[in-house]
Amino acid sequence: MTVFRPLALAGLLPLVLAAAPPTAGQPQHLKYRVEVYGPAGLHVATTHTEIDLSGGTYAIKSNIETRGFAGWFVSMNSTAQAKGRLTTDAAQPESFRSDTERNGVERHDKVSYATDGAVSGGSTPPSTKDAVKPVAPAQMRGTVDNLTAYLLVERQLGRGGKCDLTVPVFDGHERYDLKFSDGGQQKLSPKGGQNFAGMTTVCHMKRVEIAGFPANPEDSEGARSGTLWYARIVPGELVQAIRMDMQTEAGEISAYLAEVTANGAELKLME
């Protein structure tokens, strides 16, 4: 992706919290709940993410599970974890693991990162879908996992930088670049049941597929492109993704940050 105020205060809340100075380098524990909606406003999934920053290290755990009507068509539960080290302006992963169950079929991805930039990993069971180009070991070198990729964006924006970053990613079975570009500033109003109003930094994302993807583009899963709106609504060195519009294999989805817990303080943006 703290006690939330009523809608009448939503426009003031981001300004009040953002006034607190960032606590870069200080231990921080964040929890996010994000609600995801598909076509016609159908509630399709809920995600929970935890981020720990402490002593120059980070740990991220994220879970996504289908909800409501969407479960009739696709039943999915996926948990991913990443651990690594923080540097002044970057993050270096040490390990990544993803465990996914989709319509009764399990897949387990695992990646390890050496200090010299070498990367090794794979997926079990191997994909039964023919890839246009398998991932070569040389293409893995210098990559990060997808959780770390978004952490890099959140830190860069949190330090006053722009959303202008290309991150090489390998998730155990696919190699791609996430290209983030700056979309300027935009003021958001409450929408979709979310009680947020305030200025945000707009980031455009595009996934550039390099290797390991299915030959049939329709079999390619995950977010292919999208727009994210970021703001700092809790003190710390990270900004938060307030809203997201993403193009996926299932069409366009919209995601709303619903709840944030920062070092035990709860902030609720929607029920």
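A residue counts as exposed when its relative accessible area is over 50%, as buried when that area is under 20%, and as partly exposed in between. In this predicted model, Ala40 has a relative accessibility of 82% and therefore counts as exposed.

**Hairpins of S1, S2 and S3**

Ala40 lies in the loop between S1 and S2. Strand S1 (residues 28-37) pairs with strand S2 (residues 43-54) in the antiparallel sense, over 10 bridges. Within this pairing, Lys31 stands opposite Glu50 in S2. The hairpin has 5 residues between the strands.

Strand S2 is also joined to strand S3 (residues 57-66) by 10 bridges, and these two run antiparallel. Leu53 stands opposite Tyr58 in S3. The hairpin of S2 and S3 has 2 residues between the strands, and Gly55 in the turn takes a positive phi of about 55°.

**Backbone geometry**

Most residues other than glycine have a negative phi, and most peptide bonds are trans. The table lists residues with a positive phi.

| Residue | Place | Phi |
|---|---|---|
| Ala40 | loop between S1 and S2 | about 65° |
| Gly55 | turn of the S2 and S3 hairpin | about 55° |
| Gly160 | just after H3 | about 90° |
| Asn263 | loop between S13 and S14 | near 50° |

Ala40 is not a glycine, and Asn263 is likewise a residue other than glycine. Asn263 is exposed, because its relative accessible area is 52%. The strands on either side of its loop are S13 (251-262) and S14 (265-268).

A cis peptide bond joins Thr124 and Pro125, with omega at about -10°. Pro125 is placed in the loop between strand S7 (119-124) and helix H2 (137-140).

**Helix H3**

Helix H3 (residues 146-158) has 13 residues, which at 1.5 Å a residue should span 18 Å; the end C-alpha atoms are 19 Å apart, so the two values agree. At the start of H3, a side-chain oxygen of Asp145 comes to within 3.0 Å of the backbone nitrogen of Leu147. The helix is mostly covered, with 10 of its 13 residues buried. Among the buried residues are Leu147, Leu151, Glu154 and Arg155.

**Surroundings of Gln81**

Gln81 is found in strand S4 (residues 76-86). Its relative accessibility is 37%, so Gln81 counts as partly exposed. Beyond its neighbours within four places in sequence, Gln81 is in contact with Ile60, Lys61, Ser95, Phe96, Arg97 and Leu147. The C-alpha atoms of Gln81 and Glu50 are 9.5 Å apart, while the two residues are 31 residues apart in sequence.

Conventions. Residues numbered from 1 in each chain as written. Predicted model: local features only at pLDDT ≥ 70, side-chain atom pairs only at ≥ 80, totals over all residues. Heavy atoms only, no water. Pairing = 2+ DSSP bridges. Helix = DSSP H or I, 4+ residues; strand = E, 2+ residues; numbered from the N terminus. Expected span 1.5 Å × (residues − 1). Buried < 20%, exposed > 50% of the residue type's maximum accessible area, 1.4 Å probe, protein only. Polar contact = N/O pair within 3.5 Å; in protein donor to acceptor, adjacent residues only side chain to side chain. Contact = heavy atoms within 4.5 Å.
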